[in-house]
Amino acid sequence: LIAAAVTFLLPLYWMITGSFKLQTVTMAVPPEFIPTNPTLENWTRLFTGPWPVWRWVSNSVAVSLLTVVLVLLISSLTGYGFGKKKFPSSKTLFFILLSTMFLPSQVMLIPLFLLVRALHLTDTTLGIYFAMALPMISSIFRAQPQTLEACFSTPALPAIRLGAANRQTCQKGKFQGMTAR
């Protein structure tokens with residue numbers, strides 16, 4: 001296990017320490033595993049050179065954050081629909097959606113590209129944000145107790161404010177003896 005960890009972490013260590021070495025030292029034989037004369041020259045060239053590094057960083061941050069928000073939003077809505085609502089062919093559609101998770105991601109590249117192209121999202125930032133991870137949250141909604149869903153009906157809102165604890169209290173409006181929390 002330690003040998004596997006070293007094997008996987010050695011390239012990362014080499015990359016980080018290499019950023020603090022001059023290029024000639026990085027290519028030297030035998031290699032220098034611990035920099036004897038660390039320098040920030042590579043980092044200053046990176047940030048003061050002609051490359052738009054801050055634009056790359058801001059694009060990466062924007063894509064990451066928006067993707068997380070969209071995946072959470074779409075997955076939550078889809079998961080709730082599949083987990084709590086019954087509609088015609090819901091099991092069939094969920095099975096189809098779930099079966100796509102068993103396919104390697106490379107198999108989904110062409111259909112995903114065709115979908116993005118059909119939506120006219122190619123060569124756009126929104127096309128990058130397009131996410132596929134929809135069915136993952138449905139298990140959370142399936143595990144959610146029915147009492148919580150029952151308490152969100154409009155007549156039961158006063159029961160929520162009073163701290164109603166069970167489904168019968170929410171649905172039948174038995175509010176006697178409850179005190180506000």
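## Overall surface and fold

The protein chain exposes about 13,700 Å², and carbon and sulfur atoms supply 72% of that area. Keep in mind as you look around that this is a predicted model.

The fold is easy to summarise: the protein chain has 11 helices and zero strands. Reading along the sequence gives the pattern α-α-α-α-α-α-α-α-α-α-α. Of the 181 residues in the protein chain, 18% are buried. Among contacts with a separation of 6 or more, 38% join residues 24 or more positions apart.

## How far to trust the model

The mean pLDDT of the protein chain is 74, and 70% of its residues reach 70 or more. Two stretches deserve some care. Over residues 131-140 the pLDDT is below 50, although this stretch has 22 contacts in the model beyond near neighbours in sequence. Over residues 171-181 the pLDDT is also below 50, and here the model has 14 contacts beyond near neighbours in sequence. Where pLDDT is low, the predicted coordinates should not be read in detail.

## A nonpolar patch on the surface

If you colour the surface by residue type, look for the nonpolar patch of about 710 Å². Its members are Leu40, Trp43, Phe47, Trp54, Val57, Val61 and Leu65. Two elements each give two or more residues to this patch: α3 (41-48) and α4 (53-84). Helix α4 gives the most, with four residues.

Val61 is a good member to pick out. This residue lies in helix α4 and belongs to the nonpolar patch. Val61 has 44% relative accessibility, so it counts as partly exposed; the exposed class begins over 50%.

## A buried lysine without a salt bridge

Now turn to Lys21, in the loop between α1 (2-18) and α2 (23-26). Lys21 is buried, yet it has no salt bridge. Which side chain of opposite charge is nearest to Lys21? It is Glu32, 5.1 Å away. A salt bridge needs a side-chain nitrogen of Lys or Arg within 4 Å of a carboxyl oxygen of Asp or Glu, so this pair does not qualify.

What does Lys21 touch, leaving aside residues up to four places away in sequence? Its contacts are Trp14, Thr26, Glu32, Phe33, Pro35, Thr39 and Asn42. Glu32 therefore appears twice in this picture, as a residue that Lys21 touches and as the nearest side chain of opposite charge, with contact meaning heavy atoms within 4.5 Å.

Terms used: Residues numbered from 1 in each chain as written. Predicted model: local features only at pLDDT ≥ 70, side-chain atom pairs only at ≥ 80, totals over all residues. Heavy atoms only, no water. Patch = residues over 30% accessible without salt bridge, like charges linked within 9 Å, V, L, I, M, F, W, Y side chains within 5 Å. Areas by Shrake-Rupley, 256 points an atom, 1.4 Å probe, with all protein chains shown as cover. Buried < 20%, exposed > 50% of the residue type's maximum accessible area, 1.4 Å probe, protein only. pLDDT = per-residue confidence, 0-100. Lys, Arg positive; Asp, Glu negative; His and termini not counted.
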